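Subject: Structure handover

Hello,

Here is the structure I said I would pass on. My notes on what was found in it follow below.

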Amino acid sequence: MSFADAYNAGGGGGRAGGMPGGSSGGGDGGDDELARESKSVAGLIFQMTTNVSSFKRLVDALGTNKDTRELRGKLNKQRETIGQMAKDASLAVKRLATAVTQSDEAGDARPQHVAQHQKLVKDFHAVLKEFQKAQRTCAEREATFLPQKEASTAARGGGSTYGASDPTEQHSGG
């Protein structure tokens, strides 16, 4: 799992920090900060990935008998949530880039931090592409299909189904 790698690399920073690599103890604090920031970014990307997967499942229901106004409301809410998460993750990735760059300029940067940042950027771009693709599919399906009026009484209640589809059947039994 790519996100587990990011988390493990964040936790591994403490182990690497114990190795003699810098002349001052301040380097360890920078490593801890970079590790925390990397872990935070990885968490945001993981949450985005999870939400995009949920969004794609909802999009797959468009055009089926599950396509209701309620589903479309959920899609819109999910779209807004993911959009906000993308903004937050973008800012976090930029902060991490700044921290890695500053660390590199100070001579404290470790190759693992640079590589980890590049991997997080790559993962972030991949999840953004998936979301954009799902949004395009969603827009196409919303334009093509109309939502169902309401879910059937049997589907909502989960109870008995006889007589629910044709009101004349109820009178013929009588």
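The secondary structure of this protein consists of 6 helices and 0 strands. In sequence order the pattern is therefore α-α-α-α-α-α, with helices and strands counted as DSSP runs. Please keep in mind that this is a predicted model.

Some overall values first. The protein has 174 residues, and 31% of them count as buried. Its accessible surface is about 11100 Å², with 52% of that belonging to carbon and sulfur atoms. If one takes the contacts between residues at least 6 apart in sequence, 82% of them join residues at least 24 apart.

Helix H3

Helix H3 covers residues 69-105, which is 37 residues. From its first C-alpha to its last it reaches 54 Å, close to the 54 Å expected at 1.5 Å a residue. After H3 comes Gly107, which has a positive phi, near 85 degrees.

Salt bridges

There are 8 salt bridges in the structure. Three of the pairs are described here, and H3 comes up again in this part.

One of them is formed by the side chains of Arg95 and Glu37, at 3.4 Å from N to O. Arg95 is in helix H3 and Glu37 is in helix H2 (residues 26-60), so the pair links distant parts of the chain, 58 residues apart, with helices numbered from the N terminus. Are these two residues buried or exposed? Arg95 has 46% relative accessibility and counts as partly exposed. Glu37, by contrast, is buried, because its relative accessible area is 14% and the cut-off is under 20%.

Glu142 and Arg79 also meet through their side chains in a salt bridge, at 3.9 Å from N to O. This pair too links distant parts of the chain: Glu142 belongs to helix H4 (residues 111-144) and Arg79 to helix H3, 63 residues apart. Glu142 counts as partly exposed, at 23% relative accessibility.

The side chains of Asp67 and Arg72 form another salt bridge, with 2.8 Å between N and O. Asp67 and Arg72 are both buried.

The aromatic pair

How many aromatic pairs does a search of the whole structure find? The search finds 1. The pair consists of Phe55 and Phe131, whose ring centres are 5.5 Å apart. Their planes stand at 65 degrees, so the pair is edge-to-face. Phe55 lies in helix H2 and Phe131 in helix H4, 76 residues apart, and the pair links distant parts of the chain. Both of these residues, Phe55 and Phe131, are buried.

His117

The last item is a histidine in helix H4, His117. With a relative accessible area of 14%, His117 is buried. Which residues is His117 in contact with, once its neighbours within four places in sequence are left aside? The contacts are Val93, Leu96, Ala97 and Val100. As background to the spacing of such positions, an α-helix has 3.6 residues a turn, so residues three or four places apart point the same way.

If you want to look through the model in order, H3 is a place to start: Arg95 in H3 pairs with Glu37 in H2, and Arg79 in H3 pairs with Glu142 in H4. The pair of Phe55 in H2 and Phe131 in H4 can follow.

Regards

Methods. Residues numbered from 1 in each chain as written. Predicted model: local features only at pLDDT ≥ 70, side-chain atom pairs only at ≥ 80, totals over all residues. Heavy atoms only, no water. Helix = DSSP H or I, 4+ residues; strand = E, 2+ residues; numbered from the N terminus. Expected span 1.5 Å × (residues − 1). Buried < 20%, exposed > 50% of the residue type's maximum accessible area, 1.4 Å probe, protein only. Contact = heavy atoms within 4.5 Å. Areas by Shrake-Rupley, 256 points an atom, 1.4 Å probe, with all protein chains shown as cover. Salt bridge = Lys/Arg side-chain N within 4 Å of Asp/Glu carboxyl O. Phe/Tyr/Trp six-rings, centres within 6.5 Å; stacked < 30°, edge-to-face > 60°.
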